[in-house]
Amino acid sequence: MAKTNLWDERDLTEEQKLFKESILDWAERNLPLDRVIKMNREGHPFPPDIIKGLADLGVIMGTVPEERGGLGLNWKDQSLIAEVIGYVDPSIATAAGFMAVSTGWGFTIDRYANDVIREKYVKPAINGDKFIGIATTEPGGGSDVSNFKCTGEKDGDEWVLNGEKTFISGVEEAKKIGGGYWVNVRTGPKEPGAPHKNMTAFFVPIDSDGLTPAEPYDDAGRNAISTGGFIMEDVRVPEEHMLGEKGKGFYYTMEGFDNARILIGASAVGVTRRILEEAADYIKERETFGNPLAKYEGIQFEFVERYIEMEASNLMVKKVAAMQDVRYDEEGWLARTNKAQTYSPKEIAKWISMIKYKVPHLAKDTADDAMHWLGAAGYSSEYIFETAWRGVMSYCVGAEGGANIQKIVIGRETLGPDYVPYK
Amino acid sequence: MDDKLAIVEEALCISCGVCVPVCPVDAIEPVLMAKKADFSKYSGVWVFAEQHAGKLRPSGPELLGKGRELADEVGEDLCAVLMGKDVEALTGELSAYGADKIYMVEGEEYENYSTEAYTTAMVTLISKYKPSMVLYGATHLGRDLAPSVAGHLGLGLTADCTGLSITEVEGRKVLLQTRPAFGGNVMADIVCPNTRPQMATVRPHVMQPLEPDENKNTDIIQNTIRVSSDAIKTEIIEVLEPEDTGEISVEESDIVITGGRGVGNDVESFDILGKLALAMKGTVGCSRPIVESDIMPKSKQVGQSGKTISPDLYIVCGVSGAVQHRVGIRGSKYIIAINKDPKAPIFEMADFGIVGDLKKIVPLLTDKVAEKKNSEK
Amino acid sequence: MKFVVCVKQVPDTTEVEVDPETGTIIREGVPSVLNAFDEFALNVAVQLKETLEEDVEITALSMGPPQAKEALTKCLAIGADSAILLTDRVFAGADTWATAVTLSRAIKKLGGADVIFCGQEASDGNTAQVGPEVAAHLGIPQLTFVSEIEKIEDKNIICKKETDEGFLRTRCPLPVVIACMPTPGFLPKIPNMREIIKGKRKPYEEWTFKDIGGKEEDYGLEGSESVVVRTYSPPPKGEGIIIDDEPEVAVQKLMDYFEKEGIL
């Protein structure tokens, strides 16, 4: 029996087919499933050879323009790459670290950074020599991004940053190979009714004086990449470390979330596809009561339902990636002008929230089903399912925005702003 | 020259192709010597009898065995073609294996195989004697020579046949060639109705030689075909001994011999598999529990969480055959299972299973295989 | 110097089946890939190019349906400098002879080549005939079962080739056709995303039979000398033979089975 193959290549462009082929060939040599299981058992830091391998493959920050060291890919291509990365590593550790964080946020950093940061941090991160990411969550607030306490005060040519950031992906990796984070701080008073104002984004190197990393968290899953935090005590960064304009950090952050969430949605499609393929191989082969498991409707129909949901999700991701391409073709979309656009940023954000909500849950539920189909074997680390299940759960509960926040965004865009439960 | 394409007198051309590279204006293309010509002039089933260092290779006798059957059916002579330097001693063997005639070409230039000399000689002989069929072994040599001859003469050629028989096309008896494609998953029946001779390379070890008949009468026809050393472009610099590339990995090996719990719980117990692997030129693999007991490294593990393999021959000893293992070996062409438990699931997949004590069976098998290999040398 | 690498797009599996009704191979849903032997040949050509001081242009050449462009796109990503697809209904159904006619005419139109690389065989047809037949058509020498190219010097190529006995080191003057046999454990280059994008920008052309000249009947099914009468699936694997007997008897029966099946 041939290995189950649930890909439909006819959806892909010629280049995308080759992207996929190269990543799969690379993974076969460097990141087979048993290594995925092992590196998640062993825990962070993320294997340096895999970081370098991903960079050499050219999958990190492909959307950055060619003249700045990227490949100038569109979002359709980058999300296909993210899908294949999720397929290759269903623990989602690789996608979390190098698609959502390094690519989704890295691309956004590149958009707003000046050439100093681009040369010193973005390019090396594209080459796998540094790790860059996002530090936005604080002990007092995750999804409520505007309710943050970190501050930035100008002192001569420098900015002095203070406060604490938590649940940051990749701190241990950045400590090990160098790099830094996008850090949001308040650079002015909190305005009543407009808490998102006066937020400013800075790029903060991990080795800055006054920055103390906390002990990394002991997470349930995707343990190959670290989650950590840090405290900033009078961390001084030069003016050129400011990303974009002062006071616009909230908008940039929303843009960064959009980029990261697209890639998470795409990765989760890949995770689901891999889980279904691996499970299919088992249920077609394993017999009970004289029949292969796949012959029993109790299992077959569950499998089919997950497959339908996966392909529906796949189409949604493709739609969202196409919307994002329209968005980045339009100059000035952030200015929220009334210019005729195919999609408004809010509409795009709604669709992005839909995939961010839907696909990780689908991946988690599919892993859950697969473990039921396999029984005890599925629960053991002999198979990928429990590793995937624990890993994708991180994107159900939070990471790039919690599940219920996505629903609030979708509710706002479908029922109207009058029904937003929290303002 | 007419319209910048040289006209070559067909009767004079032996289609050796020699004219092509020397023509300055690139005006000559190989002539299809026998395309839709009068096929009645073509008679004789030919077998190219390979020799190396004065010894006949097995493909010749094998092909003569099949050739005899074909020649009898079409009522033609069975002929062997023998090339080399001082190889007359081999004619006796070819005769005993059934050749009615032997066409010999001898000379310095034939001592070692070269595409150029052998192609020239073959093309000359075929053009001169006009056989209806020519069979070659699908060896490295045969698969180098036959397409070169076919290319020079404009003939159809069927590669690596596993079956040959006679069928009728438009009232004429033609050679029906059966060959596997897609690594054996598809079979194709092929004829070459429009050209003569019909040519095929035939997979070694498929056809059976006849019982040698020492009293067989055979005509030996000597041909002198000189090929100048200038015409032989390829030059042998060095003959390299078969390389010791270290052990081949389980994924790459054509023959994999795997052991599981049933073999034993220590490294020494696996020696019997190593010996069998040595005799068969195969590679030893193992099941997951063996890796977990640190008897063998992970790289040797066969199965879903180890290596997925598709060797030609998979011999699996003392492995019950859990689904994880079976999934990893589905691509194997032949699966031979040895296990003491007749209910072991591995037997469901096996082409050939032996129920019994592998500690007795494996050494016996090793001896038999070594015996067979020695007798072939 | 000019290298031409002849490649073929093949189904990504040999596990194909024959439709019992029509007798044709079921290709539906089977993805296509660059033939692994040809991929090896291209890798050898690209590596050789890197070792040579003089400029080398590598052209990947294929005959096939329009979708075979994908295989050539991969060649461009791996390191071919340009690619040509010979695609025409007239070429369809070609046997090895007609394929060799088509390829050699295209090579002539390209102005010839110093080295023509091809894979030893294709994983679908397994004939290993096209390379030597191209050599015969072009009237140049051939080296088959080549596993390694040592170097090109003074217009001679030196390489290692596999024979029935072992290996030979051989020397041959250019131009030459080299049929490459992958070495065990050989890992082909994996093109990265940047190389894939760059590959897409390299020169790519599609030629029909009008571009390479000759008559329609020289090509495809009509130009073929061998005719496939029928294709079919091999008889299904019967129930396995299970022997429960004395070890000596069982082993002898296994040896007989090896003999019958032509194993070993």
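**Exercise 1. A helix of chain A and its surroundings**

Which residues of α1(A) are buried? Find them in this predicted model, and then describe the helix and what its buried residues pack against.

*Solution.* Begin with the helix itself: α1 of chain A covers residues 14-30, which makes 17 residues, and the distance from its first C-alpha to its last is 24 Å, close to the 24 Å expected at 1.5 Å a residue. Next, pick out the buried positions, which are K17(A), L18(A), F19(A), E21(A), S22(A), I23(A), W26(A) and A27(A). When reading such a list, it helps to recall that an α-helix has 3.6 residues a turn, so residues three or four places apart point the same way. Finally, look at the partners: the buried residues of α1(A) pack against α3 (48-57) and α4 (75-88) of chain A, and also against α2 (69-78) and α5 (193-200) of chain C.

**Exercise 2. The contact between chains A and C**

Determine how many residues each chain gives to the contact between chain A and chain C, and state which element of chain A gives the largest share.

*Solution.* Count the two sides separately, which gives 17 residues from chain A and 16 residues from chain C. On the side of chain A, the elements that give two or more residues are α1 and α3, and the largest share, nine residues, comes from α1(A). Sorting the residues of this side by class then yields seven nonpolar, three polar and seven charged.

**Exercise 3. Two domains of chain A**

Describe how domain 1 and domain 2 of chain A meet, beginning with the domain bounds.

*Solution.* The domain assignment divides chain A into domain 1 (9-131), domain 2 (133-243) and domain 3 (250-419). Taken over C-alpha atoms, the centres of domain 1 and domain 2 of chain A are separated by 23 Å. Their contact takes 26 residues from domain 1 and 25 residues from domain 2. On the side of domain 1, the elements that give two or more residues are α2 (33-42), α5 (93-112) and α6 (115-126) of chain A, and α5(A) gives the most, with eight residues. By class, this side of domain 1 has 17 nonpolar, seven polar and two charged residues.

**Exercise 4. The sheet of chain B**

In what order do the seven strands of the open sheet in chain B stand, and why is one side of β7(B) and of β12(B) left without a neighbour in the sheet?

*Solution.* Reading across the sheet, the order is β7-β11-β6-β1-β4-β5-β12, with parallel pairing. Because β7 (157-161) and β12 (219-223) of chain B stand at the edges and each has a single partner strand, one side of each is left without a neighbour in the sheet. From one strand to the next, the twist averages 20°. For a closer look at one pair, take β7(B) and β11(B) (residues 198-202), which are joined in the parallel sense over three bridges, and note that T158(B) has A200(B) as its bridge partner in β11(B).

The helices can now be added to the picture. Helix α2 (residues 59-74) of chain B packs on the sheet, where it touches β1 (45-49), β4 (78-84), β6 (133-137) and β11, and its direction makes about 175° with that of β1(B). Helix α5 (residues 140-153) of chain B lies across β1, β6, β7 and β11 of the chain, running at about 165° to β11(B).

**Exercise 5. A loop residue of chain B**

Is E109(B) buried or exposed? Locate the residue and name its contacts beyond the neighbours within four places in sequence.

*Solution.* E109(B) sits in the loop between β5 (101-106) and α4 (115-129) of chain B. The cut-off for a buried residue is 20 or more other C-beta atoms within 10 Å, and E109(B) has 22 C-beta neighbours inside 10 Å, so E109(B) counts as buried. Leaving aside the neighbours within four places in sequence, E109(B) is in contact with A117(B), V227(B) and I232(B).

**Exercise 6. Chains B and C together**

Describe the contact between chains B and C, and find a pair of strands that links the two chains.

*Solution.* The contact takes 77 residues from chain B and 71 residues from chain C. On the side of chain B, α5(B) gives the most, with nine residues, and the residues of this side divide into 39 nonpolar, 21 polar and 17 charged. The linking strands are β13 (residues 235-240) of chain B and β9 (residues 167-173) of chain C, which pair in the antiparallel sense over five bridges; within this pairing, L240(B) stands opposite F167(C).

Notes:
Residues are numbered from 1 along each chain as its sequence is written. Chains are lettered from A and ligands numbered from 1 in the order in which they are written. This is a predicted model: local features need pLDDT of at least 70, side-chain atom pairs count only at pLDDT 80 or more; totals for chains, interfaces and linings use all residues. Two strands pair if DSSP finds at least two bridges between them. Helices (H or I, at least four residues) and strands (E, at least two) are DSSP runs, numbered from the N terminus. Axes are lines fitted to C-alpha atoms, for helices over the stretch in contact, and angles run from 0 to 180 degrees between N-to-C directions. Two residues are in contact if their C-beta atoms, placed from the backbone, lie within 7 Å. Ala, Val, Leu, Ile, Met, Phe, Trp, Tyr, Cys and Pro count as nonpolar, Asp, Glu, Lys and Arg as charged, and the others, Gly among them, as polar. The expected span of a helix is 1.5 Å times one less than its number of residues. A residue is buried if 20 or more other C-beta atoms lie within 10 Å of its own, exposed if 12 or fewer, and partly exposed in between; C-beta atoms are placed from the backbone. Domain bounds come from an automatic or database domain assignment.
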